[in-house]
Amino acid sequence: MEIEKLKQRLLSLSLEEKVGQLVQVTPDFFGNKGEITGPLGQKIADSTRYQIGSVLGTHRAAEVKQIQADYLAHSKHQIPLLFMADVIHGYETIFPIPLALASSFDEELIERVAQNSAVEAASEGIHVTFSPMADYVKDPRWGRVLESNGEDPRLSTALTKAYVRGYQGDDLKKETSLAACVKHFIGYGAAEGGRDYNTVDISDVELHQNYLPAFEGAISAGVQLVMTSFNSVHGVPVTANKALIQSVLRGKLRFDGVLISDWAAIAELKNHRVAQTSRDAAKKAFDASVDIDMMTDCYSEELAAIVEENHLMPQLDAAVWRILLLKNELGLFENPYRGLENKVDKDQLKVEAFEVATRSAVLLKNEAILPLKKEDKLLVVGTKAATTDVLGAWSWIGDSDTAISLAAGLEKECSAIEIIAIDDEKTDWSKIKLAAHAAEKVVIAVGEDSQEAGEAASRAKLNLSAIEQELIDVISHENSESILVTFSGRPLVLTDVEEKVKAIVVAWFLGNQTGTALAALLTGQKNFSGHLPMSFPRSVGQLPYSYQEMSTGRPMTEENADQKYISRYLDEENSPLYAFGHGLSYSAFTYSELRVSTDELRSGCELELSFEVTNESELAGYALPQIYFTDEYTEVIRPKRELLAWQQVQLDCGETKTIHFTIRPEDLAYVHSDLSRTTDPGEFRFYLAKSALDIVSAVSVTYVE
Ligand code: BGC
């Protein structure tokens with residue numbers, strides 16, 4: 001619709017109709033059953049139903065069609081409803097969870113996943129996805145690390161941008177695209193104790209250094225919506241945090257799109273005890289410029305009076321305008337039934353889901369036991385051996401009955417295989433012992449259920465269950481040739497079991513094609529290429545943990561490790577069990593020394609880092625060279641080492657490639673105490689590495705302003 005006409009449409013709305021555009025409910029208010037992802041309790045009056053602006057959590061095209069038609073038949077101004085949903089890692093075809101996708105370290109792959117998810121979701125009438133989740137995380141007790149890109153801000157920023165590009169494409173009017181909503185602004189991942197919805201307190205330097213960049217990235221990629229988070233920052237719940245929203249999000253980050261609250265977050269301002277009544281809550285959120293109230297009646301019941309009393313019509317018009325613009329960008333005025341006629345090639349999506357799953361699993365350890373041979377006499381045993389609960393927590397439309405279990409995948413590839421699925425109730429230990437004894441190799445599949453990770457799924461213990469640990473003990477007594485496959489939405493604590501097995505594969509939740517992908521990887525038809533986007537701690541007591549450890553006044557070094565007054569645990573090592581960036585492959589990659597184009601980088605110039613990587617093995621594969629750096633002297637404390645660049649390099653057997661990374665002075669900038677992001681002149685050290693803790697070689701460079 002032409003902008004002038006759209007303006008007329010805005011002007012023609014009454015105060016109540018304008019407020020209606022800011023209200024979002026589930027399909028339950030139209031007599032359908034929607035996805036419920038939070039507490040209920042809002043009462044929407046019949047009279048307002050046909051003037052609300054958006055709906056969240058529908059399932060299928062027919063439902064969207066019916067609700068939209070019903071709405072338009074009753075609505076005076078013919079402003080179509082926006083339909084939003086959590087399309088987090090696929091719609092009906094479920095791809096690996098985001099943390100698993102991040103293990104690919106591959107922006108193109110993630111862009112493709114987002115694009116494919118958009119195509120399928122758009123055909124079911126969805127216009128907006130509540131994705132990507134750009135939260136900075138370093139505490140796997142928090143179940144929502146499942147939806148994150150892991151613990152590195154640079155990696156997370158790059159992947160967040162890739163999601164936005166994939167969902168939105170180059171033109172939102174294309175009916176195969178979705179508008180993206182980056183969430184949760186801001187600080188949600190820092191919940192104290194890793195307990196979901198808990199208090200957050202972070203310094204400004206930390207906020208600007210680590211939390212904002214992924215949001216900034218999404219905004220620079222053109223993200224259409226931002227969602228506020230449940231938590232407080234600086235003592236004020238973000239949904240009412242005018243300073244953060246107005247000066248940081250709308251100001252510094254220049255976000256001028258639609259800002260939506262998280263589910264019931266406006267009413268929850270009363271639980272935070274920063275609002276006494278729904279009217280206070282609505283006023284605070286509106287003042288902070290939250291445009292859409294998701295699933296409470298604060299705006300629908302209170303906002304009209306607030307606007308009248310406080311003469312806030314210009315602010316209300318601005319909020320409604322942002323929503324109308326979004327509807328217009330999506331082409332809804334021309335076609336309220338956008339996407340519903342799209343044809344989707346489901347078979348092609350299956351193929352994609354398989355390929356992507358093979359790129360997302362991570363091989364942590366392999367003592368010459370993998371790959372399996374087709375004729376290996378195999379026992380597949382464990383709580384997760386035959387489960388199809390492998391889609392992950394955010395897969396509403398995905399049907400686990402269509403998912404392929406590990407056992408089903410392996411059965412197709414291996415000729416002599418016995419499967420024993422175990423649960424707490426009836427474990428036949430003598431049968432397991434006999435089978436383990438008779439097998440040549442044992443695949444032990446254990447880990448989390450899909451409901452043990454994700455929202456409202458915090459855990460204080462991250463080890464395997466008692467029965468799973470017992471199973472590993474029993475197997476290790478009977479057969480030393482065992483492979484552990486773990487399913488989870490987060491890093492687990494595997495310290496007690498890792499010595500008892502010869503290989504460890506992190507399967508996360510790999511989606512519909514879990515079994516086929518794992519079977520292809522375990523039998524060597526596909527090569528492992530995933531790397532950890534989040535460290536696996538040795539124990540929960542180390543958390544929160546990130547490889548980006550800050551310098552301290554009393555660091556532990558090799559030389560002082562026997563002294564008392566140093567930063568260490570008495571009962572645990574400082575390092576994780578498996579570090580960020582770690583991941584093995586069946587190929588063997590070797591690296592040359594790291595070279596640098598100059599040892600003096602001048603302002604306005606660039607630096608080139610280069611090296612050779614060779615695949616010394618008989619198998620083609622992907623290497624993941626990682627470049628880290630240290631700024632030797634800084635104004636505020638900085639990490640001992642931080643990731644700067646990486647590349648997935650495909651190499652045939654015997655092949656060598658020369659890899660170049662171009663570094664500009666601004667790539668080395670950090671947030672100073674006055675919150676400016678600048679690069680200090682001085683010494684920098686660059687590292688070529690296989691993981692955050694596995695350095696291959698290093699060079700030093702001086703930056704001269
Ligand atoms: C979650 C959001 C989600 C929303 C809508 C909330 O509980 O925190 O991430 O997008 O529900 O389902």
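Student: Which residues lie nearest the centre of the second largest cavity, and what makes a space a cavity and not a pocket?

Tutor: Glu35, Gly57, Ala85, Asp86 and Trp396 lie nearest the centre of the second largest cavity, whose lining comes to 14 residues. On a 1 Å grid over the protein atoms alone, a cavity is a set of points where a 1.4 Å probe fits but cannot get out, whereas a pocket is an open set with protein on both sides within 12 Å along at least five of seven lines, and lining residues have an atom within 4 Å of a point. This is a predicted model, in which local features need pLDDT of at least 70 and side-chain atom pairs count only at pLDDT 80 or more, while totals for chains, interfaces and linings use all residues. Residues are numbered from 1 along each chain as its sequence is written, and side-chain values use heavy atoms, with hydrogens and water left out.

Student: How many cavities are counted, and what volume does the second largest one have?

Tutor: The count comes to 6 cavities of 30 Å³ or more, and the second largest holds about 80 Å³. A volume here is the space filled by probe spheres set on the grid points, which are joined across faces, edges and corners.

Student: What takes up the space of the largest cavity?

Tutor: The ligand does; a molecule sits in a cavity or pocket if more than half of its atoms lie within 2 Å of its grid points. The largest cavity has about 100 Å³ of space, and its lining of 14 residues includes Thr37, Asp86, Asp262, Trp394 and Glu455, which lie nearest its centre.

Student: Which residues are closest to the ligand, and what makes a residue count as near a molecule?

Tutor: A residue is near if one of its heavy atoms lies within 4 Å of the molecule. The ligand is surrounded by 14 residues, of which Thr37, Asp86, Arg144, His184 and Asp262 are the closest. This shell divides into 7 nonpolar, 2 polar and 5 charged residues, where Ala, Val, Leu, Ile, Met, Phe, Trp, Tyr, Cys and Pro count as nonpolar, Asp, Glu, Lys and Arg as charged, and the others, Gly among them, as polar.

Student: Why is the pair formed by arginine 144 and the ligand called a polar contact?

Tutor: A polar contact is a pair of N or O atoms within 3.5 Å; within protein, one must be able to donate a hydrogen and the other to accept it, and residues adjacent in sequence count only if both atoms are side-chain atoms. A polar side-chain atom of arginine 144 lies 2.7 Å from an oxygen atom of the ligand, and therefore the pair falls within the cut-off. Side-chain N or O atoms of histidine 184, at 2.7 Å, and of glutamate 455, at 2.9 Å, likewise pair with a ligand oxygen atom. The protein covers 99% of the 310 Å² of accessible area that the ligand has on its own, as computed by the Shrake-Rupley method with a 1.4 Å probe, where for residues only the protein chains shown count as cover.

Student: What volume does the largest pocket have, and which residues lie nearest its centre?

Tutor: The largest pocket contains about 1,200 Å³ of space and is lined by 40 residues, with Tyr547, Glu549, Met550, Asn574 and Lys640 nearest its centre. Its lining divides into 15 nonpolar, 12 polar and 13 charged residues.

Student: What makes the peptide bond from leucine 370 to proline 371 stand out?

Tutor: Most peptide bonds are trans. The bond from leucine 370 to proline 371 is cis, with omega near 0 degrees, and the one from phenylalanine 185 to isoleucine 186 is cis with omega near 10 degrees.
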